[in-house]
Every structure is written in structure tokens, then in C-alpha cells.
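Visitor: I'm new to reading protein models. Could you walk me through this one?

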Amino acid sequence: MDPALLNLNQTLSGPGPFVLLGVPGLEGLHAWLSVPVCLLYLASLVGNTLLLGLVAVDKTLRAPMYQLLGLLAAADLVLATSTVPKALAVLWGLSDEISFRGCLAQLFVAHVAFIAESSVLLAMAVDRYVAICQPLRYGALLSQRVVGIVAVAAVTRGACVMAPPVVLLQRLPYCGHRVLPHTYCEHMGVARLACGDTRPNIWYGLATTLLSPALDLGLIGASYALILRAVCRLPSPGARHKTLGTCGAHAGVIVLFYTPALFSFLAHRFGHHTVPGHIHILLANLYVVVPPALNPVVYGVRTKQITQRLRHLLQRVRKVGDDSQAMPHTLSV
């Protein structure tokens with residue numbers, strides 16, 4: 001077949017299915033590596049579903065702070081579910097192939113969820129700033145309508161940021177390169193398989209990182225600087241401690257979310273020849289499974305009202321279970 005026609009056919013239909021290798025260099029440990037990944041994924045499913053359901057159903061958790069927490073739980077569920085099941089299939093040796101379009105869909109959804117979660121964390125930082133520094137205007141500035149706007153804006157922002165890279169990846173020729181040393185599809189990992197010019201992908205990836213998560217992190221840092229300035233002006237140590245306590249859970253989630261993601265980004269773009277491949281892959285798996293698993297735990301421990309509502313829910317479930325066990329004895333009597 002004419003090479004020009006072959007390239008045109010590949011551009012229209014995409015290359016053949018990619019083969020995911022898992023963690024290069026640690027193939028013998030795939031089964032062991034799958035254990036913590038699976039447990040953390042199950043924890044993220046249970047914790048975030050419980051938290052999302054609690055915020056949606058419980059009328060006492062209708063404040064913007066808790067509604068934003070529900071958005072965070074939803075983003076965590078999408079981020080983990082878009083990547084971890086396929087990663088587990090690769091680690092367990094069940095399925096290591098993924099179609100080109102499936103690969104693009106996976107990386108699009110995962111990256112949109114990541115950017116949306118970063119946007120929600122920024123909104124939560126603004127929520128804390130208004131609650132502490134502008135308490136009299138809190139009700140006017142933050143409402144359920146504003147939370148709805150934040151949700152739509154976060155998803156729209158992520159989709160707009162990730163649409164161009166998907167188009168760029170579709171236009172690249174791959175020359176039969178199908179082996180992807182990863183557990184799931186990631187933008188630059190797929191771009192490196194191409195035999196064409198990937199500089200637009202590299203520069204766009206750098207720009208989006210600086211203009212989305214890095215920008216969000218800078219704005220979050222600025223909001224916390226203003227919060228700390230306001231807290232230092234409070235008259236008593238008790239008031240300062242109580243005010244900072246309301247930010248503890250959010251600060252912990254920020255550290256959990258951004259630290260592994262930034263390490264993974266820096267290793268992928270600036271330490272490609274110095275950081276071992278298996279370290280990068282492990283970091284990439286870390287930031288899609290650890291924050292979703294631990295975020296509900298952090299907020300459950302640090303937020304008094306959520307802890308109380310969870311205890312109340314568990315007591316009701318236990319009471320229903322006890323009643324169901326006692327019913328057969330009542331009927332027999």
C-alpha cells in the first residue's frame with residue numbers, strides 16, 4: 001500500500017490498540033503492587049460514595065462548604081474510576097490492550113477530573129477565605145447557586161483545556177508504535193509513541209500545567225496568606241486555634257492532592273532521563289488513587305459535623321440490622 005494512503009488511513013481511524021506494560025522493571029511484582037492499589041480504590045469508592053450520598057441527602061449539610069465537599073467527592077470518584085480499573089486489569093494480567101479511541105477517552109476523562117478537582121479545591125480555599133475574612137458577606141457571596149456555577153465551570157474548564165491535546169494526539173503518526181510503558185493512558189506518554197513532531201504537545205502540556213493546577217495552587221497559597229494574616233489579628237490564642245482548625249482538613253487535602261501530582265509532572269517532563277521509569281509510573285498511580293482514598297478520611301476526622309452525621313447514619317443502620325434480626329423471634333412467639 002502507498003505510504004501516503006497508509007498515513008491517511010491511520011489519521012482517520014487511528015493506530016491499532018496500544019499495549020500497556022504496567023510498571024516497567026517491576027513486572028514480577030505486579031500482583032503485589034495491585035494489592036494496595038485495589039484496597040485504596042475500594043476505600044475511595046466506599047468513602048466518596050458515602051460522603052457524596054451524605055451531602056446529597058442530609059439537609060443539615062446544605063451549606064456551601066459541604067456542597068463543595070460533595071463536588072470534591074464526585075471528582076475523586078471520576079478520577080479514580082477512569083484509571084484504576086484498567087490499571088488493575090494490567091497488573092493482574094487480565095487485559096493489557098486498549099484501543100486508540102479508548103485511550104484518548106481515558107486520558108481526556110482523567111485529566112478533566114484532575115483539573116476539575118483542582119478548581120474545586122480553589123473554590124474551597126475561597127470559601128474559607130470569605131468565611132474567615134468576610135464573615136458578614138458569606139451568605140451573599142456563597143450560596144447553592146454559586147456552588148452550581150462552580151461545578152459547571154470546573155468541568156467546562158477541564159474539557160476546554162483537554163480538548164486540544166486530544167486533537168493533537170489524533171493528528172500524530174505513530175508508525176506502528178503500540179507499546180505504552182504505563183498502567184493507563186496519559187497525554188505525554190501517548191505523545192512519546194508518535195514518530196512525528198511532538199513539540200506542540202510538550203509546550204501545550206507545560207502551558208496547561210502552569211495555567212491550571214499551578215495557577216490554582218498559587219491562588220490557594222495567596223488565600224491562605226490572607227487567612228493567616230486575619231488569624232494573627234485575632235485577640236486570643238483560643239480564637240486563633242479554633243479558626244485555623246476550620247482550615248485543617250482543606251490544607252491536608254491540598255497536600256495529598258498536589259504533592260504526588262507535581263512530583264509526577266516534574267519527573268515526567270524534566271527528569272525523564274534521570275528518574276527511573278518505574279518511579280514515574282508509581283507516582284502517576286499514586287496521585288490517582290491516594291487522594292481519592294484519603295480525602296473522605298481527612299474530612300471525616302477533621303470536620304465535626306460530618307463525623308456526627310456519619311455516626312448517626314451508622315447507628316441507624318445498626319438499629320435496622322438489630323430490628324431485622326429480632327423480627328423472626330417475634331414472629332415465632
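Visitor: Is C160 buried or exposed?
Guide: Keep in mind that we're looking at a predicted model. A residue counts as exposed when its relative accessible area is over 50%. C160 comes in at 52%, so that cysteine is exposed.

Visitor: And C38, buried or exposed?
Guide: Here the cut-off to use is under 20% for buried. C38 has a relative accessible area of 19%, so C38 is buried.

Visitor: How many disulfides are there in the whole structure?
Guide: To count as a disulfide, two cysteine sulfur atoms must lie within 2.5 Å. C103 and C185 qualify, at 2.0 Å from S to S, and so do C175 and C195, at 1.8 Å. Searching the whole structure gives a total of 2.

Visitor: How many residues apart in sequence are the parts that C103 and C185 tie together?
Guide: C103 and C185 are joined by a disulfide. C103 sits in helix α5, residues 100-133, while C185 is in the loop between β3 and α8, so the parts they tie together are separated in sequence by 82 residues.

Visitor: Which hand does the link of C103 and C185 have?
Guide: Look at the angle about the S-S bond, which is -120°. That makes the link of C103 and C185 left-handed.

Visitor: What about C175 and C195: how far apart in sequence are the parts they tie together?
Guide: These two cysteines form a disulfide. C175 is in the loop between α7 and β3, and C195 is in the loop between α8 and α9, so the parts are apart in sequence by 20 residues.

Visitor: What is the pairing if I number the bonded cysteines in sequence order?
Guide: One disulfide joins C103 to C185, and C175 bonds with C195. Put in sequence order, the pairing reads 1-3, 2-4.

Visitor: Let's try a helix. What span should α3 have?
Guide: Helix α3 covers residues 64-81, which is 18 residues. Take 1.5 Å for each residue, using one less than the number of residues. The end C-alpha atoms agree with the expected span, which is 26 Å.

Visitor: How many residues of α3 are buried?
Guide: Helix α3 is largely enclosed by the rest of the structure. That follows because, of its 18 residues, the buried ones number 13.

Visitor: And what share of the protein's residues is buried?
Guide: Now take the protein as a whole, with its 14 helices and 3 strands. Of its 333 residues, the buried share is 43%.

Methods. Residues are numbered from 1 along each chain as its sequence is written. This is a predicted model: local features need pLDDT of at least 70, side-chain atom pairs count only at pLDDT 80 or more; totals for chains, interfaces and linings use all residues. Side-chain values use heavy atoms; hydrogens and water are left out. Helices (H or I, at least four residues) and strands (E, at least two) are DSSP runs, numbered from the N terminus. Buried means under 20% relative accessible area, exposed over 50%, partly exposed in between (1.4 Å probe, protein chains only).
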